[in-house]
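Q: I would like to learn how to read a model like this one, feature by feature. Could you take me through it with the general idea first and the particular case after?

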Amino acid sequence: MNAVESLAAIERLNPRLNAFLRVNAAAVGGAPLAVKDNIVTTDMPTTCGSKILHGFTSPYDATVIVRLRKAGRTIIGKTNLDEFAMGSSTEHSAFGVTRNPWDISRVAGGSSGGSAAAVAARMVPAALGSETGGSVRQPAAFCGVVGLKPTYGRVSRWGLVAFASGLDQIGIVTSTARECAEVLGIIAGHDPNDSTSSPEPVDDYGADVDAGIKGLRFGVVREAVSKLEGDVRANFDDALRVLRGAGAIVEEASVPTIGYAIAIYYIVANAEASANLARFDGVRYGHRSKRARTVRDMYFESRGEGFGAEVKRRIMLGTFALSSGYYDAYYGRAQAVRARLRQDFAAAFQKFDFLLTPTTPEPAFKIGAKTEDPLSMYLSDIFTAPANLVGIPAIAVPSGFSGEGLPLSLQIMAPHFREKALFRAAGAFERETEYWRREPRAFL
Amino acid sequence: MRITPEEAKHIAELAHLEFDDAGLQRMAAEMTKILSYIDQLNAAEVGGAPPSGATPLRDDVVVPGTPREAVERNAPAWRDGHFVVPKIIE
């Protein structure tokens, strides 16, 4: 697919899906790639799905954009997201919901819902998203495509608008593991502009995609899968049979603290978000309230008008967790349990090359089903958030379909910087199942 | 953990966020529900797991910053090379 073909597909499909917020209509050349609109580009505005960044165009390109352009990739457009990447359905975008290409009455997931829908509908072969608690893998699962969260520090975040700096990582959505490995090879590596980016050497990520998984050890996380039911249970069990059929050793693993991930996440991520989002105050860029007569009013009114309900909720929770009298009980406690979670994962990886769960506890839900109940929305990330808290890489791979024809997904996690092994496992699973060949054409 | 509308108002002040009374009521109820879920962390056995390491710092070397014209293009109000804000001192 070249840029012209990609633009034609976007023109035809985007009115129904709302995956793209903006396209570069003048784009020509090969290898088009879409970018979540919280990654800054000089040739298009960056909105973060928020009214508060109204009128903002970055004076510089993100490091990942610089690297992709240098590698000959064409940045075709910016994709929709939950405001500031806070959400699991792309319903919290100031610019409307992104619809799922498999069933347009359902969400595409989030927060990188635009990127996942764009790849699933074959509007682009690849897209960048960002992850803080599952924002690439969860929408990839809902849309039936591959989603990678690399190791924390594997990809520079310079130019990714910060949400929770101790968790944020740029991720990739593609149709296959091989394409995903190619994009990671371009964007991975140390960047002096992001001191959390790792000096660890960049692997030849696609080298083992066809190597098979005979004899490799997969651990099924007991505490995560014990309550699975219905289609998700049956599909997950099928996936384990596929792996065993390909020669892998599949056994039960234990990560005792994994059930605390969402509770830890909503303290740690929101605490960091409340600090990071303090910069949006109407002074230097973006929206400034027309009502303001004093500086204090300008801060409160610009933020009050510019931020949506979910962003305010998270800033409030984060501010509370860091406030005097509650810091130790909430933020301190969450970090202590997180340290234990890290230890539990390390112990499990002593015995296994990979750990397995479904990517999501259910397939894509109906638009509006969870917007009135924030906690139920948060629990959508119950299987993905652990990898962010621990910093390990994880990949979502299409694993079949529910009775209603909605995509389901297998999550494979690996130790830090073992992305090459993840692509090997994902590649073997794809060869055995070929779900990636199925396209949602009939529903478009 | 129960959050009252008065506590929510205090947190909103710290966070520089504006809410009307109905908004504060709703926020207090939602925060109460979410924090009640989070309170399960008190039951976790943590042992003495060590915290993760600190982020390395980059070398303290002077490099060119963002050009002033590029900053000006995004500014809501700008005059003579400065951001303009409403009067700070009465």
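A: Let us begin with a helix and its covering, keeping in mind that this is a predicted model. In helix α2 (residues 63-70) of chain A, the buried residues are T63(A), V64(A), I65(A), R67(A) and L68(A). The elements that cover these buried residues include β2 (32-36), β3 (74-79), β6, β8 (169-174) and α5 (177-187) of chain A.

Q: Which residue follows α2(A), and what is the sign of its phi?

A: The general idea is that most residues other than glycine have a negative phi, and most peptide bonds are trans. After α2(A) comes G72(A), which has a positive phi, near 90°.

Q: Which residues other than glycine have a positive phi here, and are they buried or exposed?

A: One of them is R122(A), with phi near 60°, which lies in the loop between α3 and β6 of chain A. R122(A) counts as partly exposed because it has 19 C-beta neighbours inside 10 Å, and 20 would be needed for a residue to be called buried. Another is F417(A), with phi near 65°, located in the loop between β13 (407-413) and α14 (419-433) of chain A. F417(A) has 20 other C-beta atoms within 10 Å and is therefore buried.

Q: Where is there a cis peptide bond?

A: The bond that joins G110(A) and S111(A) is cis, with omega at about 10°; S111(A) itself belongs to the loop between β5 (103-107) and α3 (113-120) of chain A.

Q: How should I read the surroundings of a loop residue, for example V136(A), and is V136(A) buried or exposed?

A: It helps to take position, burial and contacts in turn. V136(A) sits in the loop between β6 (126-131) and α4 (137-143) of chain A, and it is buried because 34 other C-beta atoms lie within 10 Å. Once neighbours within four places in sequence are left aside, the contacts of V136(A) are S112(A), G129(A), E131(A), G147(A), L148(A), K149(A), G171(A) and V173(A).

Q: How do I describe two helices that pack, such as α8 and α10 of chain A?

A: Two packed helices are described by the angle between their axes and the distance between the axes. Helix α8 (residues 261-276) and helix α10 (residues 309-322) of chain A pack at about 100°, with their axes 7 Å apart, so α8(A) is roughly perpendicular to α10(A). Among the residues that make the contact are Y266(A), I267(A) and N270(A) of α8(A), and R314(A), I315(A) and L317(A) of α10(A). By character, the residues of this contact divide into eight nonpolar, four polar and one charged.

Q: What can be said of chain A as a whole?

A: Chain A contains 14 helices and 13 strands, and buried residues make up 62% of its 444 residues. Its radius of gyration is 20 Å, which agrees with the value near 22 Å that a compact globule of 444 residues would have.

Q: Which parts of chain B touch chain A, and what confidence does the predictor give?

A: In the interface, 38 residues of chain B are in contact with 47 residues of chain A. On the chain B side, α1 (5-14), α2 (21-38) and α3 (68-74) each supply at least two residues, and the largest share, seven residues, comes from α2(B). As for confidence, where pLDDT is low, the predicted coordinates should not be read in detail. Chain B averages a pLDDT of 92, with 99% of its residues scoring at least 70, and the predictor gives the complex an ipTM of 0.95 and a pTM of 0.97.

How values were computed:
Residues are numbered from 1 along each chain as its sequence is written. Chains are lettered from A and ligands numbered from 1 in the order in which they are written. This is a predicted model: local features need pLDDT of at least 70, side-chain atom pairs count only at pLDDT 80 or more; totals for chains, interfaces and linings use all residues. Two residues are in contact if their C-beta atoms, placed from the backbone, lie within 7 Å. Helices (H or I, at least four residues) and strands (E, at least two) are DSSP runs, numbered from the N terminus. pLDDT is the predictor's confidence in each residue, from 0 to 100. Axes are lines fitted to C-alpha atoms, for helices over the stretch in contact, and angles run from 0 to 180 degrees between N-to-C directions. Angles under 35 degrees count as roughly parallel, over 145 as roughly antiparallel, 65 to 115 as roughly perpendicular and the rest as oblique. Ala, Val, Leu, Ile, Met, Phe, Trp, Tyr, Cys and Pro count as nonpolar, Asp, Glu, Lys and Arg as charged, and the others, Gly among them, as polar. The radius of gyration is taken over C-alpha atoms; the globule rule is 2.2 Å times the number of residues to the power 0.38. A residue is buried if 20 or more other C-beta atoms lie within 10 Å of its own, exposed if 12 or fewer, and partly exposed in between; C-beta atoms are placed from the backbone.
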